[in-house]
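Q: Please examine the model below, and let us discuss the reasons behind the terms used for it.

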Amino acid sequence: MRDPDLQTLMAQASRVLEQLEAWLPPAPPPIEWEALAFRWQRRGARGWLEAIHSIAPISPEDLQHIDAQKETLERNTLQFLAGKAANNVLMTGARGTGKSSLVRAMLCRYADEGLRLIEVDRDDLQDLPDILRLTSSRTERFIIFCDDLSFDEGEAGYKALKSVLDGSIASPGDNVLIYATSNRRHLMPEYHHENLGTQMGAQGEIHPGEAVEEKVSLSERFGLWLSFYPFSQDRYLDIVHHWLHAAGCDEAQIAEARTEALQWALHRGSRSGRVARQFARDWAARYV
């Protein structure tokens, strides 16, 4: 027979372990490498690649009036798939002009050639080294996609991304590129008081102008910059025409929708491609 005190102690320890296990995050599931796209997920101290099985189809031809940007990104992506030198890409500019959709269009077009997409939130960029370790031995070609990228002062993901882009002694591997979108070209906020040359800054810094150089250095580590601009009224209506035609509308119906399309954009305060598609979806549902 065991000593009663020892039995009591072991029972208490067992209950404590059960309580701890209840608080621990579950073990990450096995990676479904047959998927075409993934999302990096984190729970507590554990992170894993979650497969995305349903991808909204879109082709480069669906994206109107960004031909130069399409040509450059497609060329870079094809170089990457061929194992040739390719650049990390930063896409900046007006919202709703096709930045994120263009990345998704590359996946839809070239998935059969081994292209894969990993979506990583800004708050999880400090996990980039873990993601690179998981993909290092794979034969697929991975684009790590960061949407709406920007940083505040002191964020951990800033230095992690900067190191992976160009600066770490460890190579990220030739099967990984980073494509990022942002409404802010320099990715971090800049302040008027920082542009002070060699004067003393508000916090006593002798060369606060160097802080500006540090902030722009991240965007400069992207090899390609693609800029996207707001659409004119005529181009907005061209995009509406494209999506209404894709929804099955004839030319007479599309002409009839013109005034309402302009009112829709005025109400939204934007003539973006996203707004044009949203209008076309709504109008076609009501009248087709």
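Q: Which helices each supply at least two residues of the lining of the largest pocket?
A: In this predicted model, they are α3 (99–110), α7 (233–246) and α10 (273–287). The largest share, five residues, comes from α10.

Q: What makes a residue part of the lining of the largest pocket?
A: A lining residue has an atom within 4 Å of a point of the pocket. The largest pocket has 24 such residues, and G96, G98, S101, G273 and R274 are the closest to its centre. The space in this pocket amounts to about 460 Å³.

Q: How do the residues of the lining divide into nonpolar, polar and charged?
A: Six are nonpolar, nine polar and nine charged. Gly counts as polar, so G96, G98 and G273, among the residues closest to the centre, belong to the polar group.

Q: Why are β3 and β7 said to pair?
A: Pairing requires at least two bridges; strand β3 (residues 89–93) and β7 have five, in the parallel sense, and therefore the two strands pair. In β7, L224 is the bridge partner of V89.

Q: Which residues form the covered face of strand β7 and which the uncovered one?
A: L224, L226 and F228 form the covered face, while W225 and S227 form the uncovered one.

Q: What makes Y179 a candidate for a nonpolar core, and which residues is Y179 in contact with?
A: A core joins buried residues of listed types, Tyr among them, through side-chain atoms within 4.5 Å. Y179 is among those with the most contacts inside the largest core, which has 44 residues. Beyond its neighbours within four places in sequence, Y179 is in contact with residues including L73, M91, V103 and F145. Another core, of 26 residues, lies apart and includes L90, L132, I144 and I178.

Technical notes:
Residues numbered from 1 in each chain as written. Predicted model: local features only at pLDDT ≥ 70, side-chain atom pairs only at ≥ 80, totals over all residues. Heavy atoms only, no water. 1 Å grid on protein atoms, 1.4 Å probe; cavity = no way out; pocket = protein on both sides within 12 Å on 5 of 7 lines; lining within 4 Å. Points joined across faces, edges and corners; volume = space filled by probe spheres on them. Helix = DSSP H or I, 4+ residues; strand = E, 2+ residues; numbered from the N terminus. Buried < 20%, exposed > 50% of the residue type's maximum accessible area, 1.4 Å probe, protein only. Contact = heavy atoms within 4.5 Å.
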